Amino acid sequence: MREDQAKRRRPEGTNARQDESLSRDQRIARSAEFRAVMSAGSRGVSPCLVAVRRTGITGSAPSRLGVVASRKIGGAVRRSRAKRLLREVYRRGERPAGDLILIARHGIGEASWPDLERAYRSAVRMATGRGRPRRRSGRQA
C-alpha cells in the first residue's frame with residue numbers, strides 16, 4: 001500500500017525539482033569546508049541573510065553553496081523553510097565563483113520574495129567586494 005501512495009504523490013518522470021536542485025559537487029557539506037570558508041571569507045550582511053564568500057578563489061573554481069540556519073531562527077520547520085528559501089534564491093540569482101555560505105537571519109521568515117532577492121544581491125555584492133564601502137568609525141586624519 002505504501003508503494004501505491006508513493007506513486008500517487010510523485011508520478012514517474014514528472015519530478016521537475018530533481019533537475020533543478022543543486023548537485024553534490026555544487027554544495028558545501030563537510031564542517032571542515034564550512035570552517036575554511038568562514039575563517040578566510042569576506043562577509044556581506046543584509047536584514048535577512050549573511051553571505052560569506054571565500055577570498056582568493058579564481059574564476060575557474062566551481063561555484064559551491066553552503067546554507068546555515070541556527071536555532072535562533074526557530075523550530076525545525078522554520079529552519080528548513082529558511083534553508084529552502086536561501087537555496088532557491090541562490091539557484092535563481094547570480095552565482096559568484098568559488099565557495100559561498102548563506103546564513104539565515106531572523107528577518108527571513110517575514111521577508112517577501114522580492115525583498116529576499118534584493119537582500120541576496122546586496123549581501124553577495126558586499127561579500128565579493130563590489131558593494132558599498134564600510135563606514136569608518138571615528139575621525140579621519
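**Figure 1. Lining of the second largest pocket in the predicted model.** Helices α4 (76–92) and α5 (113–127) each supply at least two residues of the lining of the second largest pocket, in what is a predicted model of the protein. The largest share of that lining, four residues, comes from α4. The lining comprises 13 residues, and those that lie nearest the centre of the pocket are Arg-81, Leu-85, Ile-108, Gly-109 and Glu-110. Sorted by class, seven of the lining residues are nonpolar, three are polar and three are charged, and the space within this pocket amounts to about 240 Å³.

**Figure 2. Overall arrangement of helices and strands.** The protein contains five helices and four strands, which follow one another along the sequence in the pattern α-α-α-β-β-β-α-β-α. Of its 141 residues, 28% count as buried. Among contacts with a separation of 6 or more, 74% are between residues 24 or more positions apart.

**Figure 3. The largest nonpolar core and a second, separate core.** The largest nonpolar core has 23 residues, and those with the most contacts inside it are Leu-49, Ala-51, Leu-100, Leu-102, Ile-108 and Tyr-120. Strands β2 (49–54), β3 and β4, together with helices α4 and α5, each supply at least two residues of this core, and the largest share, six residues, comes from α5. A second, separate core of seven residues includes Ile-28, Phe-34, Val-37 and Ile-103. In soluble globular proteins, nonpolar side chains tend to be buried together.

**Figure 4. Surroundings of Leu-100.** When residues up to four places away in sequence are not counted, Leu-100 touches Ile-28, Ala-51, Val-52, Arg-53, Arg-64, Leu-65, Gly-66, Tyr-90, Tyr-120 and Val-124. Leu-100 is also listed, with Ala-51 and Tyr-120, among the residues that have the most contacts inside the largest nonpolar core.

**Figure 5. Asp-99 and its contact with Arg-64.** Asp-99 is found in strand β4, which covers residues 99–104. Because its relative accessible area is 7%, Asp-99 counts as buried, the cut-off for that class being under 20%. The side chain of Asp-99 is joined to that of Arg-64 by a polar contact of 2.9 Å. With neighbours within four places in sequence left aside, the residues in contact with Asp-99 are Ile-28, Val-37, Val-52, Arg-53, Arg-54 and Arg-64; of these, Ile-28 and Val-37 are included in the second, separate core.

**Figure 6. Ala-123 in helix α5.** Ala-123 is found in helix α5 and counts as buried because its relative accessibility is 0%. Apart from its neighbours within four places in sequence, Ala-123 is in contact with Gly-44, Val-45, Ser-46, Leu-49 and Ala-51, and among these Leu-49 and Ala-51 are named with the residues that have the most contacts inside the largest nonpolar core. Ala-123 and Arg-53 are 70 residues apart in sequence, and their C-alpha atoms are 9.9 Å apart in space.

**Figure 7. Lys-72 in the loop before α4.** Lys-72 is found in the loop between β3 (64–68) and α4. This residue counts as exposed because its relative accessibility is 66%, where the cut-off for exposed is over 50%. The C-alpha atom of Lys-72 is separated by 9.5 Å from that of Ala-104, a residue 32 residues apart from Lys-72 along the chain.

How values were computed:
Residues numbered from 1 in each chain as written. Predicted model: local features only at pLDDT ≥ 70, side-chain atom pairs only at ≥ 80, totals over all residues. Heavy atoms only, no water. 1 Å grid on protein atoms, 1.4 Å probe; cavity = no way out; pocket = protein on both sides within 12 Å on 5 of 7 lines; lining within 4 Å. Points joined across faces, edges and corners; volume = space filled by probe spheres on them. Nonpolar A, V, L, I, M, F, W, Y, C, P; charged D, E, K, R; others polar. Buried < 20%, exposed > 50% of the residue type's maximum accessible area, 1.4 Å probe, protein only. Polar contact = N/O pair within 3.5 Å; in protein donor to acceptor, adjacent residues only side chain to side chain. Contact = heavy atoms within 4.5 Å. Core = buried A, V, L, I, M, F, W, Y, C linked by side-chain atoms within 4.5 Å.
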